[in-house]
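Student: Could you take me through one part of this structure up close? I would like to look at how charged side chains pair up, and then at anything else that links parts of the chain.

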Amino acid sequence: MDSSPGFVAVILLLLGRTHGDSVTQTEGQVTISENGFLRINCTYSATSIAYPTLFWYFQYPGESLQLLLKVITAGEKGSSRGFEATYNKGTRSFHLQKASVQESDSVMYYCALGDTVAETTGGAEHKPRGHRWSGC
């Protein structure tokens, strides 16, 4: 019986700028012990969007992006699948956290922003471009 602790590898991607609006998140691979605490930093700059909507997506290898969290209002906290992120307008941040990661959390995570007005009027879906990775 293998008694070695499990590890969770998380792959992160930096997304580019669009019309002066951008997000910056922790880059590279992060390895965390199973049941460990995960925090992925995401800050944003929104010069052309007065009230941005903030998103976290995840992607399993070979699969399409899936929405994890979406928050429209500053101060609001989004939560899903044990993850949570709070829209902090003062620090322009939307950090993703999970108290106890599992092996199934070994995926790519993407932070993105969009226009709240476009969202509420049926605008296009905001799915960032991604790439594949090989997990541990």
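Tutor: Let's start with Lys77, which is partly exposed at 49% relative accessibility. In this predicted model, Lys77 makes a salt bridge with Glu84, and their closest N and O atoms are 3.5 Å apart. That falls inside the cut-off, because a salt bridge needs the nitrogen within 4 Å of a carboxyl oxygen. The partner, Glu84, is partly exposed too, with a relative accessibility of 30%. As background, side chains of opposite charge can pair when their charged atoms come close.

Now let's look further along the chain. The whole structure holds 2 salt bridges, and one of them joins Asp105 to Lys98, with 2.9 Å between the closest N and O atoms. Here the setting is a buried one for both Asp105 and Lys98; the word applies because each has under 20% relative accessible area.

There is also a link of another kind. The count of disulfides is 1, and this disulfide is formed by Cys42 and Cys111, whose sulfur atoms sit 1.9 Å apart. Cys42 belongs to strand β5 (residues 42-45) and Cys111 to strand β11 (residues 108-115), so the disulfide ties together parts that are 69 residues apart in sequence. Try turning the view to look along the S-S bond: the angle about that bond is -70°, and the link of Cys42 and Cys111 is left-handed. Both ends are tucked away from the surface: Cys42 is buried, at 1% relative accessible area, and Cys111 is buried as well, at 0% relative accessibility.

Note on methods:
Residues are numbered from 1 along each chain as its sequence is written. This is a predicted model: local features need pLDDT of at least 70, side-chain atom pairs count only at pLDDT 80 or more; totals for chains, interfaces and linings use all residues. Side-chain values use heavy atoms; hydrogens and water are left out. A disulfide is a pair of cysteine sulfur atoms within 2.5 Å. Helices (H or I, at least four residues) and strands (E, at least two) are DSSP runs, numbered from the N terminus. Buried means under 20% relative accessible area, exposed over 50%, partly exposed in between (1.4 Å probe, protein chains only). A salt bridge is a side-chain nitrogen of Lys or Arg within 4 Å of a carboxyl oxygen of Asp or Glu.
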